[in-house]
Amino acid sequence: MNNEYLLKHLRNVPDFPIPGIQFKDVSTLYKHPKCLRIMVNELYEMYKNKGITKVVGIESRGFVVGAALAYKLGAGFVMARKPGKLPAETRKESYMKEYGKDTIEIHTDAITDKDVVLLHDDLLATGGSMLAAYNLVQQFNPKLTFINFIIELTIEGLHGRAVFPEDVDITTLLKI
Ligand code: AMP
């Protein structure tokens, strides 16, 4: 069920970054002490018994709650970053965006086949960026991979979940 308190504090910015987009601005949830606590605590309750050893946050809005959750779960935190940002050897995955190609990277030594991974980002729209992150994590052959978003957009015919394999466990805190 949607958390009305979170929904009330989420800012919608019309026509950002381009006309026609209703931008869900999670910075208003991150800056609000009670909202931040609600999100981290709810996710902790959802994942505390899953044996998560690594939380992977997607740059950059996935870093905020992802890192707080990793701390609370007693897991490590891994950054999935845009190309050229990570200093050591990386694994990469490229994917198609509306205009051209994009790539994400994770340090080669950040995940092992003994890890249980939780991938986290702020928002699911088409699912393209998270699918790339999911495929990237599969290169490390982890024991299990979970996916979580704070917000799932289902308006305007979006059905981002459909791009993932059916057996992948995907949760979201808010559906809009
Ligand atoms: P997608 O790959 O289409 O699922 O897009 C997800 C990524 O784009 C997330 O990292 C979001 O931060 C960002 N994003 C896409 N659409 C929106 C939106 N309407 N409001 C806020 N962020 C968005």
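Start by selecting glutamate 105: this residue is buried, at 6% relative accessible area (buried means under 20%, exposed over 50%, and partly exposed in between, using a 1.4 Å probe and protein chains only). Before you click further, know that this is a predicted model, where local features need pLDDT of at least 70, side-chain atom pairs count only at pLDDT 80 or more, and totals for chains, interfaces and linings use all residues. Residues are numbered from 1 along each chain as its sequence is written, and side-chain values use heavy atoms, with hydrogens and water left out.

**Stop 1: around glutamate 105**

Glutamate 105 sits in strand 6, residues 101–107. Helices (H or I, at least four residues) and strands (E, at least two) are DSSP runs, numbered from the N terminus. Now show glycine 84 too: the side chain of glutamate 105 reaches the backbone nitrogen of glycine 84 at 3.4 Å. Widen the selection and you'll find that glutamate 105 touches Met79, Ala80, Arg81, Pro83, Gly84, Leu86, Thr90, Arg91, Lys92 and Leu136, leaving out residues up to four places away in sequence. Contact here means heavy atoms within 4.5 Å.

**Stop 2: helix 3 and helix 4**

Next, colour residues 33–47 (helix 3) and 62–73 (helix 4); they pack at an angle of about 50°, and their axes are 9 Å apart. The axes are lines fitted to C-alpha atoms, for helices over the stretch in contact, with angles running from 0 to 180 degrees between N-to-C directions. Helix 3 and helix 4 are therefore oblique to each other (under 35 degrees counts as roughly parallel, over 145 as roughly antiparallel, 65 to 115 as roughly perpendicular, and the rest as oblique).

Which residues of helix 3 and helix 4 meet? From helix 3, show Leu36, Met39, Val40, Asn41, Leu43, Tyr44 and Tyr47; from helix 4, show Val64, Val65, Ala68, Leu69, Lys72 and Leu73. By class, this contact of helix 3 with helix 4 has 11 nonpolar, 1 polar and 1 charged residues. Ala, Val, Leu, Ile, Met, Phe, Trp, Tyr, Cys and Pro count as nonpolar, Asp, Glu, Lys and Arg as charged, and the others, Gly among them, as polar.

Stay in helix 4 and pick leucine 69. Leucine 69 is buried, with a relative accessible area of 1%. Its contacts, leaving aside neighbours within four places in sequence, are Val40, Leu43, Tyr44 and Leu118. Try a distance from leucine 69 to isoleucine 52 as well: they are 17 residues apart in sequence and 10 Å apart in space, C-alpha to C-alpha.

**Stop 3: asparagine 3**

Jump to asparagine 3, in the segment before helix 1 (4–9). Is asparagine 3 buried or exposed? Asparagine 3 is buried, at a relative accessible area of 15%. Beyond its neighbours within four places in sequence, asparagine 3 is in contact with Ile38, Glu42, Leu173 and Leu174.

**Stop 4: backbone oddities**

Go to the loop between strand 1 (11–14) and strand 2 (22–25), where you'll find proline 17. A cis peptide bond joins phenylalanine 16 to proline 17, with omega about -5°. In the loop between strand 1 and strand 2 you can also pick aspartate 15, which has a positive phi of about 60° although it is not a glycine. Aspartate 15 counts as partly exposed, at 47% relative accessibility.

Another cis bond runs from glutamate 59 to serine 60, with omega near -10°. Serine 60 lies in the loop between strand 3 (54–58) and helix 4.

Finish at asparagine 141, in the loop between helix 5 (128–138) and strand 8 (144–152). Asparagine 141 has a positive phi of about 55°, though it is not a glycine, and it is exposed, with a relative accessible area of 53%.

How values were computed:
A polar contact is a pair of N or O atoms within 3.5 Å; within protein, one must be able to donate a hydrogen and the other to accept it, and residues adjacent in sequence count only if both atoms are side-chain atoms.
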